[in-house]
Amino acid sequence: MTINSTPAARTQDSKSTGAGRLLIAVYGIFALAASARAGFQIASKFSEAPVAYLLSAFAGLVYIAATVSLAKKGAFWFRAAAVAVGVELLGVLVVGALSLFDARVFPQETVWSLFGRGYGFVPLLLPILGLIWLYRHRAPAQTA
């Protein structure tokens with residue numbers, strides 16, 4: 001019997017199966033899109049909106065972290081995925097609210113501006129779905 005055959009390990013490892021694969025794929029697409037967009041903006045027009053472009057780069061890093069941690073197995077990666085997806089949700093909510101109430105804060109849109117409006121609000125829905133997925137695939141509570 002291997003160490004990964006425990007019920008807790010099977011539950012945590014199941015996060016990258018079934019619909020979890022689709023979730024990981026969408027995160028991967030957003031990791032690529034946000035990182036590429038931020039890289040282009042930083043390289044070509046950084047002086048126009050440095051905060052917005054650096055924030056887009058940060059969002060790209062968060063999406064990369066979420067993609068990798070959702071795809072990996074084990075308790076550490078499970079917790080890392082929860083942190084990454086939680087940071088993403090917090091970022092979308094804070095940046096979305098700031099950009100909604102004061103458009104001058106972000107003269108150029110970021111991935112998270114207006115709650116991800118430029119990306120069809122997927123940046124708002126993705127972490128919610130991610131947290132639900134993680135919650136449903138968490139390890140069962142240990143009995144004393």
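Here is a walk through the fold, a pocket, the salt bridges and a few individual residues. Keep in mind from the start that this is a predicted model.

Let's begin with the overall layout. The chain has 5 helices and 0 strands, so the pattern along the sequence reads α-α-α-α-α, with helices and strands taken as DSSP runs. There are 144 residues in the chain, and 37% of them count as buried. Take the contacts with a separation of 6 or more: 68% of these join residues 24 or more positions apart. As for the outside, the chain exposes about 8100 Å², and 71% of that area comes from carbon and sulfur atoms.

Now turn to the largest pocket, with a volume of about 160 Å³. Which residues line the largest pocket? Going along the sequence, they are Ala 19, Leu 22, Leu 23 and Val 26, then Leu 126, Leu 129, Ile 132 and Trp 133. Two elements each give two or more residues to this lining, namely helix H2 (19–45) and helix H5 (122–136). By class, the lining has 8 nonpolar residues, with no polar and no charged ones.

While you're at helix H2, have a look at Arg 21, which also sits in that helix. Is Arg 21 buried or exposed? Its relative accessibility is 58%, and because the cut-off for exposed is over 50%, Arg 21 counts as exposed. Follow the chain on to Leu 70 and you will have gone 49 residues in sequence, yet the C-alpha atoms of Arg 21 and Leu 70 are 8.9 Å apart in space.

Next come the charged pairs. Side chains of opposite charge can pair when their charged atoms come close. How many salt bridges does a search of the whole structure find? The count is 2. One of them joins the side chains of Arg 104 and Asp 102, at 3.1 Å from N to O. Arg 104 is exposed, at 72% relative accessible area, whereas Asp 102 is partly exposed, at 27%. Another salt bridge joins the side chains of Arg 117 and Glu 109, with 3.3 Å from N to O. Here both partners are partly exposed: Arg 117 has a relative accessibility of 48%, and Glu 109 has 30%. Each of the two distances fits the salt-bridge cut-off, because that asks for a side-chain nitrogen of Lys or Arg within 4 Å of a carboxyl oxygen of Asp or Glu.

Finally, let's step into the loop between helix H4 (75–101) and H5, where you'll find Ser 113. Is Ser 113 buried or exposed? With a relative accessible area of 3%, Ser 113 is buried, because buried means under 20%. What is Ser 113 in contact with, once its neighbours within four places in sequence are left aside? The residues in question are Val 95, Ser 99, Phe 106 and Gln 108.

Ala 103 belongs to the loop between H4 and H5 as well, but Ala 103 is exposed, with a relative accessible area of 55%. Ala 103 and Ser 113 are 10 residues apart along the chain, and 9.3 Å separates their C-alpha atoms. So this loop holds an exposed residue, Ala 103, and a buried one, Ser 113, by the cut-offs of over 50% and under 20%.

Definitions and conventions: Residues numbered from 1 in each chain as written. Predicted model: local features only at pLDDT ≥ 70, side-chain atom pairs only at ≥ 80, totals over all residues. Heavy atoms only, no water. Buried < 20%, exposed > 50% of the residue type's maximum accessible area, 1.4 Å probe, protein only. 1 Å grid on protein atoms, 1.4 Å probe; cavity = no way out; pocket = protein on both sides within 12 Å on 5 of 7 lines; lining within 4 Å. Points joined across faces, edges and corners; volume = space filled by probe spheres on them. Helix = DSSP H or I, 4+ residues; strand = E, 2+ residues; numbered from the N terminus. Nonpolar A, V, L, I, M, F, W, Y, C, P; charged D, E, K, R; others polar. Contact = heavy atoms within 4.5 Å. Areas by Shrake-Rupley, 256 points an atom, 1.4 Å probe, with all protein chains shown as cover.
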